[in-house]
Amino acid sequence: MTAVVATNETILVVGGGISGMTAALEAAETGKRVVLVEKRPYLGGRVSQLYKYFPKLCFPTCGLEINQRRAKQNPNLTILTMAEVTGLAGDKGNYRATVKLSPRYVNANCTACGDCATAVTAQFDDEYNYGLGKRKGAYLPYRMAHPARYVLDPAIIGTPDAERAKAACRYDAIDLEMQEETIDFPCGAVIWATGWKPYDAAKIQPYGYDRFANVITSVEFERMADPTGPTGGKLVRPSDGKEAKQVAFIQCAGSRDRNHLLHCSRICCMASFKQCTYVIDAFGADARINVYYIDLRAIDRFEDFYQKVRANQNIKFIKSKPASITQDKDGSPVVHGVDTEGYQRFAEPHDLVVLAIGMEPAVDPASFPVPIVLNREGFIEAASANGGVFAAGGAADALDVNRAVQHATGAALRAIQVVNSVARAEV
Amino acid sequence: MAAEKKLAGYICTGCGIGERLDAKQLQAVATREGKLPSVKQHPMLCGAEGVKLIQDDIDAGNATHIMIAACSRRSKVEAFSFPTVAMSRANLREGVIWSRPAGDAHQETTQEMADDYIRMAAAEIKFMTVPESSGEQELNKTLLVVGGGMTGMTAAVEAAKAGYPVHLVCDEPVLGGVWKDLYKRVPFRAAAFDVPGGNDVDLPQPEDPGLDDLIEQVMANGRITVHLNAKITKTSGAPGRFSADISVDSGRTLTENFGAIVQATDYKPYDANQLPEFAYGTTPDVLTNFEFERLAKQANGAVIKRPSDGREVKSVAFIQCAGQRSSNAGHLPYCSGFCCTESIKQAMYFKAQNPGCDATILFDDLRTPGAAGEDFYRSGQQAMVTFTKGQASAVVAADGDLRVKFKDLILNEDTEMVCDLVVLATGQVPNTGPDPYAQLAVDEAPTEEEKAAARAALAVAPPSILNLDYRQGTDLPHLKHGFVDSHFICFPYETRRTGIYAAGPVRRPMDLKQAMDDAVGATMKAIQSLENAARGSAAHPRVGDLSYPRFRKEGCTQCKRCTVECPFGAINEDEQRYPQFNESRCRRCGTCMGACPVRVISFDNYSVDTVGQQLKAVDVPDEFSEKPRILCLACENDAYPALDMAAQSGEHITPFVRVIPVRCLGSVSLSWVTDALNSGYDGIVLMGCRRDDDYQCHFVRGSAMAAERLSKVGDTLTQLNLETERVAVHEVAITDLKRAPAILNEMAETITRIGMSPFKF
């Protein structure tokens, strides 16, 4: 049985992506007890799946390394992975949280040596790579995963693969009898940092994401650009593996759209500019890029980066929300629409189309454990009716990483205000 | 304190270490050469039994300084957590067996590598002590908030809610700052969730700015002391013990002590006199967005009249990006982020009063991000505000009308519109003090000419806000365009002056909602900083580290390198020009230690000796052995993890390299380089983080400082009659899984080419 030491002065953080990690670490480093609950088997969330950050073009794993080190060393922080909050009873300052822990089938003895992965044979779509590659049935989700502990896919339990994994482990780390368990513990305040999910691109019917192999999403392109990703960092057409030198980026794919997400997802313009640099870095003068946009939203200091990208002659910016995508006989996606600056019709073939996909809040109102104030787009609004539950990062708005971190830092203070008043902390 | 040192070594033989390496030999090296009186082996040291083996020795008083030879110091951190003892770790898994191919042909050199790592860790542990804070700390829970605008007031209120007293210093006679002229504010929320009637009902409208309410909260809060008409004339000290002189108009100055500081001085409106092309200054009917807001506030819902003749405004044009997003002289290169929604709000003032009023927003890119932003844009469209994609080039006043000339970007033609009033959407200029490095540039300039240039640059700098009594200048360092900031992606609040946090538009341009949100985060960091200072613990990124720079005053030559190079301006100079370290300002990067030419600065758990003794402990074979030795000093934040992960992915490295992690390349003492060369190392590779404008150094300037220092190593090599290729400095990122090993392998090839060092003994 997993034991969690907690009181009503403990802060519960739900979600271990960049926002949840930040909120948890900032509170823990202020001396508060924190329990961090993450659904995936590892921390880092979507940030761990990014190749580079805009506008510095630096690597998310660099900051993640620091955050993971902070997490490993902090005695105030308890991390539960493969865990989901299923219930929250009580009020601000006095909650009781129920958490469901899914079996990992690997215990703390794991040294991450990798022998179990070598031993098993079955392969599965790799969710870390958005299904672009395969992983084994015993796997470390990605190289820098924290906790650095392997996971067995539940699908291999009861198959010979499970026995092979167990036999290969020299440290008695594989426990095939591990069961789902439900625990509960008290907490005074809750930080809800479940982040966002990419909008389902298949719903944007005219763009043919589900029909054309060479129409992919921005999050998939990010995995493709990563040298440790499914293509080894090569930018290729999924249909035939040929180099993708002529690339279209379609902005507001699912965002600012009455049929899809109403809101502007904020990050997509900058993310596409960043991804333009991947294409330029890969193919130099041979790169041909078209960016189709409604408005280019390089807010505040990000303008510098936009101007730098804009200066590249191989990148064209076309004010247009494309009407549709078709496929020509070579499997090249053809983007159709009207350039509204001058009203010219176009039908442009490309090697690859990248949909700058919108951010949908990963907040499910139906299963939310307490009544919560949401806005029309489904993000959590700050409201006193939410009691001691405070949203952080992508659960509160479409935010880029630095704004999510900023927001999550503030959420930590909101939670501390509650637990300090519980403790009657006097000056 | 001065209890007897009990050294103990623990060797793990798990994860293939026992199969790939001769554990008896490792044990013998640890005992005989490492001189560890107790050395134990375990097949799975990180398991409960292995950990207990170590803990029992500690509990029995048999181990005060432990050497763990197992996996990388990045692995199994939670298992190998023994906070009461000093600990070194020999990286036999990632560093040796995973970095080397298996097989007899490689066995000898791989074993030698492991033997050396045992020698090194055994040498290191002898020079480490468990850090203890100086014991001089006290908890001071009071915050100083500088700036009486909405940002500063929010910081004060939120800190008070958490139980922390605040002194709020406002340089004006009333609170509110740049926000006090707001008639209404851009709505803080997106449209509500469950409203019947579809997506277009109940869209957010301009709302009460909330200023009076916030002022009331501030004034009524017993934990908040407000100083009006006040300025900070001097700030000294460090987190936990800041002292600030607050001077008020009457000439009175009071001195208060604080635990931490929030600077929330907001922005200054852009000076539109630099926009003559838009007829600003030639007719009162061309206003900035800031001026127009005052006009709207005065009208207070009544008809908005033209300043020139009092005629009701029936048509108005808003020119977006006025003096912004432009490389022209006097313009702001950045986007101020708040002006699009601000103009929509102002256009809606007209529409609310007279739906027939023609309100047009001329924009290039309309930037209304997020849920609330886009909802408000739709709200503006619903109110029939006209949005025209066009670039304004001129405003001409003629016959009582204003003609706005612009290029219509949709119709792709030059055209013009006639209107009664023009509002220029001008930007925010950060209200920050002078950049301390502009101040230091005057001191540091080598020639009179350069000094004069530095002085001229400083002459146009804004007046100081904090008046820090710091060796490195009076205010927070700037990052770009006058905004203060550092690691603005991962760690946006980490300013380069510990315990002083910037909030709101001093960090980046932003609207009111963001500024108020930002104040909450900055207040969080300020509270954390004073709590950590009270514990003697470092601030980010080494929270929990109780070590601090210790200094042997007798040896100090008052050369000032440490006070100049500290990336955080933590070190002052006393009257005799000796350094004063201000431990709670220190971030423990060790740049001062690396800067010190006479090696008098050290940390309990990291010093010239802890590294120097490691490199001396390595067995250096003779010149004819064909076994060169390469020293690699790798930044523990990026390069060292990259090497670990390279090993994890099966990349191999030369068996002749010995890698020592350092806190920051800035902490590298040149003595390590010269010692290594003198002890017969054949090559030295230094790996630090990127150091240009887009720096990735976690200590901001550490890597850059190191590179500057090391640029002079060539002279040392020449003096020693050695080839300059023997020392190489590289920027290495955490993702360089192929490149980092390749750099080491290239150095091995270089040595093969140029030959072994003649300095072997």
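Q: Which residues in α2(B) meet which residues in α5(B)?
A: In this predicted model, Gln25(B), Leu26(B), Val29(B), Ala30(B) and Glu33(B) in α2(B) meet Gln111(B), Ala114(B), Asp115(B), Ile118(B), Arg119(B) and Ala122(B) in α5(B). Here a contact means C-beta atoms, placed from the backbone, within 7 Å. Residues are numbered from 1 along each chain as written, with chains lettered from A and ligands numbered from 1 in the order in which they are written. Local features need pLDDT of at least 70 and side-chain atom pairs 80 or more, while totals for chains, interfaces and linings use all residues.

Q: What makes the residues of the contact of α2(B) with α5(B) nonpolar, polar or charged?
A: They divide into six nonpolar, two polar and three charged. Leu26(B), Val29(B) and Ala30(B) are among the residues of α2(B) there, and they count as nonpolar because Ala, Val, Leu, Ile, Met, Phe, Trp, Tyr, Cys and Pro do; Asp, Glu, Lys and Arg are charged, and the others, Gly among them, polar.

Q: How do α2(B) and α5(B) pack, and at what angle?
A: Helix α2 (residues 23-33) of chain B packs against α5(B) at about 35°, with the axes 9 Å apart. Angles run from 0 to 180 degrees between N-to-C directions of lines fitted to C-alpha atoms, for helices over the stretch in contact.

Q: Where do α5(B) and α16(B) meet?
A: Arg119(B), Met120(B), Ala123(B) and Glu124(B) in α5(B) meet Thr610(B), Gln613(B), Gln614(B) and Ala617(B) in α16(B). The axes of α5 (residues 104-126) and α16 (residues 608-617) of chain B come within 8 Å, crossing at roughly 145°. This contact divides into three nonpolar, three polar and two charged residues.

Q: Why are β6(B) and β7(B) said to pair?
A: Strand β6 (residues 166-169) of chain B joins β7(B) in the parallel sense over four bridges, and DSSP has to find at least two, so they pair. Val169(B), for one, has His227(B) of β7(B) as its bridge partner.

Q: What makes β7 and β23 of chain B edge strands?
A: Each pairs on one side only. They end an open, parallel sheet of five strands ordered β7-β6-β5-β11-β23 (chain B), in which the twist averages 20° from one strand to the next. Helix α6 (residues 150-161) of chain B packs on this sheet, touching β5, β6, β7 and β11 of chain B, and its direction makes about 175° with that of β6(B).

Q: How many helices and strands does chain B have?
A: Chain B has 21 helices and 31 strands, all DSSP runs: H or I of at least four residues for a helix, E of at least two for a strand, numbered from the N terminus.

Q: Why is Cys252(A) called buried?
A: Cys252(A) has 23 other C-beta atoms within 10 Å, and buried takes 20 or more within that distance (exposed is 12 or fewer, partly exposed in between, with C-beta atoms placed from the backbone), so Cys252(A) qualifies. This residue sits in strand β14 (residues 246-253) of chain A and has a positive phi of about 55° although it is not a glycine.

Q: Why does His481(B) count as partly exposed?
A: His481(B) has 16 C-beta neighbours inside 10 Å, which falls between the two limits, so partly exposed is the right label. His481(B) also has a positive phi of about 55° without being a glycine, and lies in the loop between β21 (478-480) and β22 (483-484) of chain B.

Key:
Two residues are in contact if their C-beta atoms, placed from the backbone, lie within 7 Å.
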